[in-house]
Amino acid sequence: MRKSLFLLSIIAAISVVAAEAPAAQAAFQTPEQVAIPDNFASSFESGSTGQTVLNGEKFQFQTEVSRLMNIVINSLYKTPEIFLRELISNGSDALDKIRFQSLTDASAMESNPNLNVTIAVDKKTRIITITDTGIGMTKEDLQKNLGTIAKSGTSEFIETMSGDKADMDLIGKFGVGFYSVFLVADKVRVTSKNNNDDQHIWESTAVDDFTIAKDPAGNTLGRGTQIAIHLKEDQDQYLEDVRIKELVGKYSEFINFPIYLRSEKTKTVEKEVKSDKEDDSEEAVVEEAKEKPETITVSYLDDELMNSNKPIWVRDPKTITPEEYDQFYTVLTREASAKPMAFSHFKAEGDVEFKAIMYIPEKAPKNLFQRTETHEKNVKLYVKRVFITDDSTDFLPKWLAFLRVLVDAEDAPLNVSRETVQNNKSIKSISKHLVKKVFDLLKTLSQDEEKYAGFIKEFGTSLKLGSLEDKSNQKKISRLLRYHSSDSDKYTSLESYVSRMKKGQKDIFYATGSNVDEIKQSPFVESLLARNFEVLYMDDPVDEIVISELRGFESKAFKNVAKASLDLGEEEEGAETQKELETRFAPLLDWIHATLINDIEKVQVSRRLTTSPAALVASDFGWTANMERIMEGQAKQNQNEAMHAFMKNQKKILEINPGHPLIVGMLERAAKDPKAYETDTHFQEMAKVLYDITLVRSGYSLKESVKAFAGRVENMLRVNLGVDTSAEATFEAPKAESRDQAEIDAEIEQREDLLDADELKPGTMTTEELNRMLKEYTDSTNPSTGANAEKVDEVNVEEIMAQAEEELDSDDTKEPVHDEL
């Protein structure tokens, strides 16, 4: 006895392996047709007219089943198309059972060695048949499986669904797949043949009873089950082959057995001709060869395989080539030219065990960051290779919407309709494993600098958004971020930057802007680069917000070089020199501040400038030029307009470069008479122009109009050239002359003539004129080709009109046709 149990356990283990590889491949390699009884559809059709087709034993549905079917039909499923998925899944289970039985009983497969599912559509009778060559059902099985429900929390389920507070997402593990057929059918007949019984028929209209009878046609199936579905009047879409293929491709593409669609097709063949005379002469053979053979069109049944793609995730990753992974990616995305940048194939264990394949696309979707109302269906959940849903946002956080993931959970806790995962704990477990594998995949990818640079280019913004949304993984994400740097043309990580920091450097310096070239020309980085400090160039609009959230990296604070509190580590050493410069430039500082008092907070001598004359610096809590552009772009969505206006209108600090010749020249002018700025209009213009060009150079937009800025520059040019600032340009332009009334009237009269010619009214042309016009048109479009050309009959308009009047007056309902016209 123990030996028998041990042997059975080994056989069960072998069957699991067989289900994943060799047997499945063998099944796909035997595309032979399944026998579908010819008399089945016709007898079913006659039954639909009210005649009694099936004379057998009638049974009453259990009360629970009747109530269950009412729920299924009216409220359980989101969409009727689910019926095809459920019936194919049932057929797949039946095929698995006969295959497992054949491991211990070789004769089980003798009745039909092929394992497959075949779908056939008959548009005339409105019947869909789904046939599997599985284990089949005995009469007792038909009664038990299709007429009763096993006790597994069913009563509680019925009560929950029927109550006023029905919550379909709280239903336990229970399948009602077969009954989903009544979503689309008004009558169903199940014909089944088990090796241990005769072929029987089960039939029902989903009312309150069903009939079971021995099939009078005998054993037409050999073995297996055939479900014939008579569609409701409003379900014609399922009679189309295209729709069937679509649903099989969506839900059952990776079923372990071949699924065929049987359809009627036509082809042209040569008609066989039997000769009455026997003539073997060469002339007869040659003459027969010259004759074109007569062809006829014949109809035939063709079985088309609909699930040729293999579920590679069930295989050992070591046995799968990179080319196979790439090919499967095109199947998953439905994009023939799509290629993945990287992938991960793994098995997770825990609360929910599952296998998964995760892909990073080579290119980011064009609308990746424009999805507001809808979410990307980037995670496809399968259970035992049957598609369940891709309509959940809980498996991955939003910032990972670019991924393409397939999850196959063997024991996922689904709701009763098998359309969603009902257990939040299970979803969190799956999500946790997926996110962990994402970081593992990105860490591996980052070791290839070239590939990871491509990833950052496509999905770097997604990582940055992740650092804002996913606080629990913020540190992990920060290590994956990459930025341009003044130290290299390649991307650099924050970790690498910290490793290259200079002696005494406390902060991580960064500058923001629209693009790297603009940042390189910024006055804010001049002094840092001259001192050999490395600066990170951040050109993504979201960078400044991300850095403000990260605050620091490995105990090093981030420092925006465009803000006031920039510490270069030289404050103590250069404090005395700085004080001397402020004393020396005090007259100029006073002049500029007095002139620009409405535009700036203060003026100070700069430590950060080397080649630029001045720069506008934001306060530590104010908006930089880059942030101002970002917030301006969001102004329409900004609900707090007062706060937006306040931040935008905050005054900036004007820093001047004490070593720039322009600033030194302005200082000399101010030092001659420290109080003369009130009357020195030319200096005031210079200060305003300096402010305007500093605004632009620092990345801000002009506060005044472009015309005002251009006017100030023009005045300075006039002064430098000795041109009178009040002198106006001289020009002469000929005046355009008005048209006289006679010309206008002539044009109006001509236009009216054209309108009259276009609007030709009936009766305004004589018969002779119409005949002549038709003849001219005919001659111009069909010219004679010579003297022997055939004479064309003239069209007589009078005869045509007379004939038309006779037909209109006639009582004959025949529709008049005027070929002459």
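**Stop 1: helix H19 and its cover**

Start by selecting helix H18 (575–584), strand S21 (600–605), strand S23 (652–656), helix H22 (661–672) and helix H23 (681–697), which are among the elements covering the buried residues of helix H19. Now add H19 itself, residues 586–595, and pick out Leu588, Leu589, Trp591, Ile592 and Thr595, which are buried. Turn the view to look down the axis of H19: its buried residues fall within an arc of 165°, so they line one face of the helix. A rule of thumb helps here: an α-helix has 3.6 residues a turn, so residues three or four places apart point the same way. Keep in mind along the way that this is a predicted model.

**Stop 2: the whole protein**

Zoom out and show everything. The protein has 27 helices and 23 strands. Of its 821 residues, 43% count as buried. Among contacts with a separation of 6 or more, 75% are between residues 24 or more positions apart. If you switch on the surface, the accessible area is about 47,600 Å², and carbon and sulfur atoms hold 49% of it.

**Stop 3: strand S3 and its partners**

Select residues 127–132, which make up strand S3. Six of the six residues here are buried, so the strand is largely enclosed by the rest of the structure. Which residues point which way from S3? Ile127, Thr129 and Thr131 point to one side, while Ile128, Ile130 and Asp132 point to the other.

Next, add strand S2, residues 117–122, which runs antiparallel to S3 and is joined to it by six bridges. You can find Asp122 opposite Ile127. The two strands form a hairpin with four residues between them, and in that turn Arg126 has a positive phi of about 60°.

Then bring in strand S7, residues 224–231, another antiparallel partner joined to S3 by six bridges. Here Thr129 of S3 stands opposite Ala228.

**Stop 4: two nonpolar cores**

Select Ile360, Leu434, Phe455 and Leu463: these residues have the most contacts inside the largest nonpolar core, which has 74 residues. Helix H11, residues 424–445, gives the largest share of this core, with nine residues. To see what surrounds Ile360, leave aside its neighbours within four places in sequence; its contacts then include Pro340, Met341, Phe402, Leu441, Leu445 and Phe459. A second, separate core has 66 residues, including Leu142, Ala185, Ile212 and Leu406.

**Stop 5: salt bridges**

Side chains of opposite charge can pair when their charged atoms come close. In this model the count of salt bridges comes to 32. Here are some to look at.

- Lys139 and Glu57: the closest N and O atoms are 3.1 Å apart. This pair links distant parts of the chain, with Lys139 in helix H6 (residues 139–147) and Glu57 in strand S1 (residues 57–60), 82 residues apart. Lys139 is partly exposed at 29% relative accessibility, and Glu57 is partly exposed at 39%.
- Lys380 and Asp390: their side chains meet at 3.5 Å, N to O. Lys380 lies in strand S12 (residues 379–383) and Asp390 in the loop between strand S13 (386–389) and strand S14 (404–409), so the pair ties together parts ten residues apart in sequence. Asp390 is buried, with a relative accessible area of 15%.
- Arg479 and Glu495: the N to O distance is 3.6 Å. Arg479 sits in helix H13 (residues 474–480) and Glu495 in helix H14 (residues 494–499), 16 residues apart. Arg479 is partly exposed at 39% relative accessibility, and so is Glu495 at 42%.
- Glu81, Arg243, Glu246 and Lys250: salt bridges with shared partners join these residues into one network.

**Stop 6: two backbone angles to check**

Most residues other than glycine have a negative phi. For your last selections, go to two residues that have a positive one.

Arg385 is not a glycine, yet its phi is positive, at about 70°. You will find Arg385 in the loop between S12 and S13. Is Arg385 buried or exposed? With 11% relative accessibility, Arg385 counts as buried.

Ser555 also has a positive phi, of about 65°. Look for Ser555 in the loop between strand S19 (552–553) and strand S20 (556–560). At 76% relative accessibility, Ser555 counts as exposed.

How values were computed. Residues numbered from 1 in each chain as written. Predicted model: local features only at pLDDT ≥ 70, side-chain atom pairs only at ≥ 80, totals over all residues. Heavy atoms only, no water. Buried < 20%, exposed > 50% of the residue type's maximum accessible area, 1.4 Å probe, protein only. Arc of directions from axis to C-beta. Contact = heavy atoms within 4.5 Å. Areas by Shrake-Rupley, 256 points an atom, 1.4 Å probe, with all protein chains shown as cover. Salt bridge = Lys/Arg side-chain N within 4 Å of Asp/Glu carboxyl O. Pairing = 2+ DSSP bridges. Core = buried A, V, L, I, M, F, W, Y, C linked by side-chain atoms within 4.5 Å.
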